[in-house]
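Please open the model in your viewer, with the sequence panel alongside, and follow the selections below in order.

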Amino acid sequence: MEEAVLCGSPFKLRELFAIMLIFCQLSDAISLWEKYKDSLSEDIRHRVELDIQPENVNSIINEVYNKCLVTIEDTVLSLGGTFLQHYGLPQPSRCEAVLQNKDYLREINYDSNILAQYINFNENLLNNEQSYVYNKILEGIEKNTGKTFFLDAPGGTGKTFVINILLARVRKDHGIALAVASSGIAATLLEGGKTAHSVFKLPLNLTRVETPMCNISKQSNIAQVLKDCKLIVWDECTMAHKGGFEALNRTLKDIRGYNSLMGGVTVLLAGDFRQTLPVIPRGTRADEVKSCLKASYLWPHIQKVALNKNMRVHVKGDTSAGIFAEMLLKIGDGNFPSLEGEITIPSNLCTVVSSLSELTSRIYPDIINIKMKPIEWLCERAILTPKNDKAAEINEILLKAFNEKAVEYKSFDSVIQSDDAVHYPLEFLNTLNPSGLPSHKLILKIGAPIMLLRNLNPPKLCNGTRLQVKALHKNVIEAIVITGCARGDIVLIPRITLIPTDYPFEFKRIQFPIKVCFAMTINKSQGQSLSMAGIDLREECFSHGQFYVACSRVSSASSLVILALKGSTKNTVYKEVLR
Ligand SMILES: Nc1ncnc2c1ncn2[C@@H]1O[C@H](COP(=O)(O)OP(=O)(O)OP(=O)(O)O)[C@@H](O)[C@H]1O
């Protein structure tokens with residue numbers, strides 16, 4: 001073998017080894033294998049290095065050796081020999097899933113050196129409460145105690161900061177740490193983050209199924225990832241329906257073959273119950289409360305940890321930002337002094353204005369020159385409304401406020417079951433405006449900000465990513481990304497088929513998956529940070545946490561303008577969710 005290594009290819013070496021196994025009655029085949037396994041599997045290793053960085057191959061080297069043994073065994077069998085076990089060698093597994101599993105390879109393909117530097121630098125910055133949370137979760141991962149944690153963290157307390165160091169710690173040692181979030185926007189803030197729906201293949205009808213399961217088969221690529229992962233982080237978990245966590249729990253138990261909570265993997269659920277709860281179409285307060293994580297049978301089994309110190313304020317050393325943050329917490333907790341449910345909006349929270357034109361001109365001054373503005377200008381501002389119709393009204397006004405040619409795109413609508421065509425004529429379908437679907441008549445101008453309504457190519461193009469229109473072609477829209485990790489990239493958006501899920505009959509709309517977004521609903525803004533936010537409260541916030549979410553998009557009173565005709569507003573807080 002020693003001579004052959006110098007002159008033969010790995011393929012020829014394996015052939016030689018196979019012949020020796022059958023014909024040479026080797027007394028110690030295992031030692032020979034151990035000594036030359038790297039030479040025997042060199043080409044297989046190179047092939048894996050095409051998919052992941054060379055230094056990361058070591059974390060799956062046993063898979064490489066296994067593949068090598070399989071090919072040796074194939075040759076031995078074809079030469080009339082028998083299984084490798086018979087010769088005192090390890091019996092290879094015929095399931096070589098990992099080497100072909102792109103999802104798996106992506107999850108272990110992090111640069112350990114860069115991660116080590118990142119950890120060294122940032123671990124030292126953790127404050128006391130962050131360190132406590134970090135070490136507690138790390139201990140759970142290292143001792144494999146299989147705990148699920150809930151990290152209660154209001155905005156600015158360093159939740160994302162802590163999570164990213166935890167993810168780096170696991171990945172540095174080639175462990176798998178999955179990062180997901182309930183919304184596409186929140187997912188872009190986590191290293192390697194994706195939406196929970198796309199990773200866990202959560203069923204769409206969570207409200208209607210009693211024992212939901214993730215649509216993941218045990219043989220799939222993602223099942224292998226879930227089987228081996230050491231940490232799952234789910235950010236903005238308070239926005240998600242409890243059925244999603246229950247589905248994940250059942251699926252992990254099944255895939256990992258272990259009947260403890262979440263199949264024994266450490267799970268970190270992070271969020272803030274002061275923010276909006278899962279949206280239940282046509283649901284009541286009780287429906288919303290009943291659908292959140294706290295109402296799940298899993299909740300009593302989850303260990304609670306919290307962050308309280310606002311690091312945005314602390315790092316900047318800005319005392320007025322500190323007062324602002326304290327006020328936000330009082331609003332979020334429902335402890336702001338109120339009279340018959342109405343709170344008087346204080347001047348150190350924001351600037352109060354009394355007309356829509358004042359609100360729009362404060363948030364979008366000099367809109368006439370919108371095409372000349374840098375993308376930062378557009379990305380850092382938005383007007384927020386409790387409901388869609390007011391956002392649509394403001395978008396129409398602001399779209400008319402600058403001189404560019406308006407281009408109209410009409411959708412192609414149709415029912416999915418041909419029998420329904422009699423009951424739901426085309427003209428009727430065109431009038432429908434389900435939330436999350438672009439309208440039948442989409443009017444756009446070059447320079448206008450738009451928002452994606454689907455995850456087209458996460459994390460670059462997610463549901464919620466904002467862009468600015470650059471060119472309006474007949475079948476494609478050219479736009480520059482203004483938020484998220486692809487900021488500054490120019491992308492082309494096609495018309496796609498969109499099917500709303502919460503309609504009593506099925507219909508599809510072929511349209512560009514976008515909306516103009518000078519203004520957007522408060523629920524859509526959750527997870528976005530702004531430097532200038534306007535809130536239109538002509539119609540008041542109607543659901544838990546909306547006012548808190550809207551105000552907490554910015555970090556100081558000078559960045560917030562509120563249109564409140566009476567100077568007061570309703571602050572809806574479901575105290576039962578905060579207990
Ligand atoms: N220990 C720390 N040392 C230095 N900077 C920190 C520390 N913790 C957090 N920060 C910084 O404070 C800011 C807020 O942190 P982060 O974004 O993690 O908070 P968050 O809780 O995720 O807030 P939000 O939910 O509003 O996004 C960030 O700029 C972050 O880098």
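Begin inside this predicted model by selecting Leu349, Tyr364 and Leu560, the residues with the most contacts inside the largest nonpolar core, which has 74 residues. Then colour helix H23, residues 546-551, since this helix gives the most to that core, with 5 residues. In soluble globular proteins, nonpolar side chains tend to be buried together.

Keep Tyr364 selected and display its surroundings: leaving aside residues up to four places away in sequence, Tyr364 touches Trp377, Leu378, Arg381, Ala382, Ile383, Leu398, Cys517 and Phe518. Next, move to a second, separate core of 68 residues, where Val48, Trp234, Phe245 and Tyr574 are among the members to pick out.

The ligand is the next stop. Which residues come nearest to the ligand? Of the 15 residues around it, these are Leu125, Gln130, Gly156, Thr160 and Phe161. Show the atoms here and check three pairs in turn, each of which ends on an oxygen atom of the ligand:

- Gly156 places a backbone N or O atom 2.8 Å from a ligand oxygen.
- Thr157 likewise places a backbone N or O atom at 3.3 Å from a ligand oxygen.
- Thr160 brings a polar side-chain atom to 2.4 Å from a ligand oxygen.

With the surface switched on, note that the protein covers 74% of the 620 Å² of accessible area that the ligand has on its own. Helix H10 (159-172) and helix H16 (311-316) are the elements that give two or more residues to the shell around the ligand.

Now select residues 126-338, which UniProt, in an unreviewed entry, lists as "domain: DNA helicase Pif1-like DEAD-box helicase". Over this span the chain is 42% helix and 13% strand, and its end C-alpha atoms are 37 Å apart. Follow with residues 427-471, listed by UniProt, again in an unreviewed entry, as "domain: DNA helicase Pif1-like 2B"; this span is 11% helix and 31% strand, with its end C-alpha atoms 29 Å apart.

Finally, zoom out to the entire protein, whose C-alpha trace spans about 95 × 55 × 50 Å along its principal axes and whose secondary structure comes to 24 helices and 23 strands. Of its 579 residues, 52% count as buried, while the accessible surface comes to about 26,400 Å², of which 52% belongs to carbon and sulfur atoms. If you draw the contacts between residues at least 6 apart in sequence, 72% of them join residues at least 24 apart.

Methods: Residues are numbered from 1 along each chain as its sequence is written. This is a predicted model: local features need pLDDT of at least 70, side-chain atom pairs count only at pLDDT 80 or more; totals for chains, interfaces and linings use all residues. Side-chain values use heavy atoms; hydrogens and water are left out. A nonpolar core is a set of buried Ala, Val, Leu, Ile, Met, Phe, Trp, Tyr and Cys residues joined through side-chain atoms within 4.5 Å. Buried means under 20% relative accessible area, exposed over 50%, partly exposed in between (1.4 Å probe, protein chains only). Helices (H or I, at least four residues) and strands (E, at least two) are DSSP runs, numbered from the N terminus. Contact means heavy atoms within 4.5 Å. UniProt positions are given in the numbering used here, feature names are shortened, and annotations may be inferred rather than shown by experiment. A residue is near a molecule or strand if one of its heavy atoms lies within 4 Å of it. A polar contact is a pair of N or O atoms within 3.5 Å; within protein, one must be able to donate a hydrogen and the other to accept it, and residues adjacent in sequence count only if both atoms are side-chain atoms. Accessible areas come from the Shrake-Rupley method with a 1.4 Å probe; for residues, only the protein chains shown count as cover.
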